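Good morning, everyone, and thank you for making time for this. Please have a look at the sequence and the structure as they come up, and then I will go through a few features with you.

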2 protein chains.
Amino acid sequence: MYKPATIKDIALALNLSPSTVSRALRDGYEISEETKKLVVAYAQKVNYKSNPIALSLKNKRSYSIGIVIPRLANSFFSQAIAGIESIAHERGYFTIITQSHESAERERANINHLAQRSVDGLLISISSEASDFSFLKALHDDGMPMVFFDRTIDEIDTFKVTSDNRKGAYNATESLIKAGKRKIALLASASHLSITNERRSGYQKALVDYGLPFREDFIRYCNEGGNNYQEVEDAVKGLLTMADKPDAIFISADRISIGCVRALKNLSFDTKEIAIAGFANSDVVDLLQPSISYVKQKSFEMGQIAIEMLLKLIEAKYPITEFETRVLDTELHLVQ
Amino acid sequence: MYKPATIKDIALALNLSPSTVSRALRDGYEISEETKKLVVAYAQKVNYKSNPIALSLKNKRSYSIGIVIPRLANSFFSQAIAGIESIAHERGYFTIITQSHESAERERANINHLAQRSVDGLLISISSEASDFSFLKALHDDGMPMVFFDRTIDEIDTFKVTSDNRKGAYNATESLIKAGKRKIALLASASHLSITNERRSGYQKALVDYGLPFREDFIRYCNEGGNNYQEVEDAVKGLLTMADKPDAIFISADRISIGCVRALKNLSFDTKEIAIAGFANSDVVDLLQPSISYVKQKSFEMGQIAIEMLLKLIEAKYPITEFETRVLDTELHLVQ
DNA sequence: GTGAAAGCGCTAACAT
DNA sequence: ATGTTAGCGCTTTCAC
């Protein structure tokens, strides 16, 4: 069995008490230099590492933070995680990543598990399926620090970071209009997600600003958020077989953008006929054919800001009551 | 502060001893039905959840397994993780994911941290930078169960799963030959990785089998494994500016395949001029332009097999001494 | 300057 | 059928 050296082992070997060893190891002021040296040297020799499990139990503090996201396979999230870890590790925190696969139940199980594992705080981007946040609210009321990023919820008052989804959607839609398109459809993610609403609102505003009609029949929702390709293809096909069909599509979610590109290809539509622009953070969007204009979010930076906020919350001496919501700019990349 | 109910709380409230409560909760045979009901009901009421930290400390068993991979952003790995989790969760295990970003030091820190956290076992795909495996070997000798997948090492005798890299590379190279190419270059990952060698060997065999010369000057290594685009572009440019330049490139690593596609685009080469085929697991390879034939690994399945092996190791009643290495077929997807 | 003892939440021998 | 005790590895009063 794998059995690392413990403080007790060291104490025994050196004929000291465990408490002395503990203090020496953590450079306690009361311990003589001599003893410290002795202990540190021996600890080094037997490759002693403090046991985080025991520490967690003792201190109710684990120096680990839990990350709750829908899917790792979504580039936006893997980029955000890189941002989170870049700071968390530097500050001595360990990260535990869990994915919900957009399932509310799995998300709940993950969050509960993390809470039990006594993570010091939670970084959450909510699943598309989730609708009941009472357990999260209870956890928050119980004092569990949490920060929401990208997909936030209104029900809980805490720090949040998102992108300027409205403006990003506005810009993308506007670019289609400026390219001469007049009948722009919207392909969106689950209708109750915060980001879906914000992006739809930006889309709508662009239409209105440019004197174009906002048509309900031009909107299609993919509730599985693009993780089911067929759902996306059906939606695209639905749009493109309309008697009065759109000449462009704005797609308001990452994975659906990819699905839409594939659908155009499979349905043999050309982007000359039907232009597309959508949110996408994959690092290969610019290489896709059919081509797509895309709105890119500052994922890495968002991760960094989120963890900074969480650490502020965790390490605060006094309870924080004033919460900020940071909104990051997006970048529009036009095709050609 | 967030403070969940403990067994002691329940015992106090019900005027029982902690051990009775503990036994009742775990349906111990010695406890009367009546008491059980009482305890379970109360536990339910106060939303009692056992504390995994305390359990880990007590049992030296955490029901969690550590995953060590180079990068989350690599589709192959996120797919493998999905496979791992699909089984781990079902069997009641929690997964902790860490990425090394191909850094040997980060990898070592991650592994040590996981070991300290008393994970029950490790699922490892080695970083490209790693070369010293003595600490891993020591950990293994100490009894830490581990299984290697995809990027394995010979130094440690345990269960392993990989793809048939040699055959995959052979098939891809062969497809280029059959398409009429005669001067096929090799763009490879770090030269000491197990997979790099296997794939190079398959590439070489195809050349030999078809009577083509194996040319050292047609081989380029990207030691950063495609995570540094410039390195890839430089390599591609190097090949394509040779006096006697190749008419095709076989790429032996996932991220480098993507980098090569981008390089061809940036350097304005067409795949009519220079055909490419490479290992790639991204779910959008087939949509890329310039187009690329690709070898896909069974990532999800590999993850599933790896975790099955690890659980076998963890849950074994008697020490296992006979280790299997599973080799999975790859799928070749031709362009057009 | 160092040691003894208690306790974090839980379980398992060992009483009763 | 239930309670007592000790201990997992660590820290932290409180003694000396």
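Which domains does the domain assignment of chain A give? Before I answer, please keep in mind that what you see is a predicted model. The assignment gives domain 1 as residues 7-50, domain 2 as 58-163 together with 299-327, and domain 3 as 165-296. If we take the centres over C-alpha atoms, domain 1 of chain A and domain 3 of chain A are 63 Å apart.

Let me turn now to chain B, and to a pair of helices. Helix H5 of chain B, residues 75-90, packs with helix H12 of chain B, residues 299-315, at an angle of about 45°, and their axes are 7 Å apart. Angles from 35 to 65 degrees count as oblique, and therefore H5(B) and H12(B) are described as oblique to each other. Their crossing is right-handed. On the H5(B) side the contact is made by residues including Phe76(B), Ile84(B) and Ile87(B), while H12(B) contributes, among them, Phe300(B), Ile307(B) and Leu311(B). Sorted by character, the residues of this contact are 10 nonpolar, 6 polar and 1 charged.

Finally, salt bridges, of which a search of the whole structure finds 29 over all chains. One of them joins the side chains of Arg151(A) and Glu102(A), at 2.9 Å from N to O. Arg151(A) sits in the loop between strands S4 and S5 of chain A, and Glu102(A) in the loop between strand S2 and helix H6 of chain A, so this pair ties together parts that are 49 residues apart in sequence.

Technical notes: Residues numbered from 1 in each chain as written. Chains lettered and ligands numbered in written order. Predicted model: local features only at pLDDT ≥ 70, side-chain atom pairs only at ≥ 80, totals over all residues. Heavy atoms only, no water. Domains from an automatic or database assignment. Axes fitted to C-alpha atoms, helices over the stretch in contact; angles between N-to-C directions. Helix = DSSP H or I, 4+ residues; strand = E, 2+ residues; numbered from the N terminus. Parallel < 35°, antiparallel > 145°, perpendicular 65-115°, else oblique. Left-handed = near helix turned anticlockwise from the far one by under 90°. Contact = heavy atoms within 4.5 Å. Nonpolar A, V, L, I, M, F, W, Y, C, P; charged D, E, K, R; others polar. Salt bridge = Lys/Arg side-chain N within 4 Å of Asp/Glu carboxyl O.
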